[in-house]
Amino acid sequence: MEFLGHYQLYIVMLIVVAIWLGIYWYLFRLDRRLRALERKQQG
Amino acid sequence: MALRVTLGILLTLVLCAGIGFPLSQNPQHWYELPVIPGLEEKARLIFFHVPTAWLSVVAFLTGMVFSIRYLRKRDPLDDLRSSAAAGLGLTYCILATLTGAIWAKFNWGSFWNWDPRETSIFVLLLIYGAYFSLRSAVENQEKRSTLSAAYSIIAAITVPFFIFVLPRITSGLHPGSKGDPDGAGPVLQFTMSPNMRVIFFASLAAFTLLFIWMFQLRVRTGKLEMERELQQAP
């Protein structure tokens, strides 16, 4: 508990960065899937 | 690819710096942020709240540009781009409202105070909520596109008034309101140190890149849906 109290700012930062990386990964995968669908549509 | 990599790195750095850089009464190092009296740790919100509010304006105006193009050329792709921009604008507007409400709770004592800026963003949410109600209420595609394009242009004309004019000509709690000791001007005149300004503008750039990427994804998805509908049509 002392650790959490001491480094609460960095814990918040890590959680927010983890959420952002999750959103980034989702958008990245969506982009790749869309590109594959576009290629399929054209070919 | 360059856009995505730049965005990934930039927003990660902004999040780390905006949340992780320590506050100091007397900053000695480049990574120390000054303490703003009355705001303290709450000042960090400016790195995320202002870019979301700014992007909602950019998105609504982008929607207006494509609506004008639709009315001139009658290209369904312009209607798609206009609705995609309005949808993203509404999303960013909701994010700005939520982040602002959380900040208000800790700074002003309650989540909602009917401050002029809160009221104006609430009216904007209603205006753009009505835009999507209008789109879902009309079945004929051409009629829907024409009506929503006209509505989008009128709605976007109100955006600068609600975001930039009304909150500055009325007294309120929000920084930048009439009667603010720092002057009724842009919130950017907020006492920011050079390192805070770097994080702030990097955040604006990163959020703008995120908007561009999400806008492109939404338009490409809509385009694929349109092509599929055309192929399936008898």
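This report describes a predicted model of two chains, A and B, going from the overall make-up to single residues.

**Confidence and overall make-up**

The model scores ipTM 0.88 and pTM 0.88. For chain B the average pLDDT is 88, and 93% of the residues score at least 70. A weak stretch is residues 184-188 of chain B, where pLDDT stays under 50. For that stretch the model has nine contacts beyond four places in sequence, and these should be read with the low score in mind.

The two chains are set side by side below.

| Chain | Residues | Secondary structure | C-alpha span along principal axes | Buried |
|---|---|---|---|---|
| Chain A | 43 residues | two helices, zero strands | about 60 × 10 × 5 Å | 0% |
| Chain B | 234 residues | six helices, two strands | about 70 × 40 × 25 Å | 33% |

Along the sequence, the elements of chain B come in the order α-β-β-α-α-α-α-α. Among the contacts in chain B with a separation of 6 or more, 68% join residues 24 or more positions apart.

**The contact between the chains**

Chain A contributes 16 residues to the contact and chain B contributes 14 residues. On the side of chain A that touches chain B, 13 residues are nonpolar, one is polar and two are charged.

Leu217(B) gives a view of this contact from chain B. Leu217(B) sits in helix 6 of chain B. Setting aside neighbours within four places in sequence, Leu217(B) is in contact with Leu27(A), Leu30(A), Asp31(A) and Leu34(A). Leu217(B) counts as partly exposed because it has 15 C-beta neighbours inside 10 Å, whereas a buried residue needs 20 or more. Leu217(B) and Ile46(B) are 171 residues apart in sequence, and their C-alpha atoms are 27 Å apart in space.

**The nonpolar core of chain B**

The largest nonpolar core has 47 residues, and within it Ala59(B) and Phe211(B) touch the most other members. Six helices of chain B each supply at least two residues of this core: helix 1 (2-20), helix 2 (46-73), helix 3, helix 4 (116-137), helix 5 (141-169) and helix 6 (194-232). Helix 2 of chain B gives the most, with 13 residues.

Phe211(B) touches Leu55(B), Val58(B), Ala59(B) and Leu88(B), when residues up to four places away in sequence are not counted. Ala59(B), the other residue with the most core neighbours, is thus one of the partners of Phe211(B).

**Helix 3 and helix 4 of chain B**

Helix 3 of chain B covers residues 76-108, which is 33 residues. At 1.5 Å a residue helix 3 of chain B should span 48 Å, and its end C-alpha atoms are 46 Å apart, so the two values agree. Just after helix 3 of chain B comes Gly109(B), with a positive phi of about 100°.

Helix 4 of chain B has 22 residues and reaches 31 Å from its first C-alpha to its last, close to the 32 Å expected at 1.5 Å a residue. Which residues of helix 4 of chain B are buried? They are Arg117(B), Glu118(B), Ser120(B), Ile121(B), Leu124(B), Tyr128(B) and Tyr131(B). These residues cover an arc of only 165° around the axis, so they lie on the same side of helix 4 of chain B. The buried residues of helix 4 pack against helix 3 and helix 5 of chain B. Exposed residues on the other side of helix 4 of chain B are Leu126(B), Ser133(B), Ser136(B) and Ala137(B).

**Two loop residues with positive phi**

Arg74(B) is not a glycine, yet has a positive phi of about 60°. Arg74(B) is in the loop between helix 2 and helix 3 of chain B. With 13 C-beta neighbours inside 10 Å, Arg74(B) counts as partly exposed, since the cut-off for exposed is 12 or fewer.

Trp114(B) is also not a glycine and takes a positive phi of about 55°. Its place is in the loop between helix 3 and helix 4 of chain B. Trp114(B) counts as exposed because it has 9 C-beta neighbours inside 10 Å.

Terms used. Residues numbered from 1 in each chain as written. Chains lettered and ligands numbered in written order. Predicted model: local features only at pLDDT ≥ 70, side-chain atom pairs only at ≥ 80, totals over all residues. Contact = placed C-beta atoms within 7 Å. Nonpolar A, V, L, I, M, F, W, Y, C, P; charged D, E, K, R; others polar. Helix = DSSP H or I, 4+ residues; strand = E, 2+ residues; numbered from the N terminus. Expected span 1.5 Å × (residues − 1). Core = buried A, V, L, I, M, F, W, Y, C linked by C-beta atoms within 7 Å. pLDDT = per-residue confidence, 0-100. Arc of directions from axis to C-beta.
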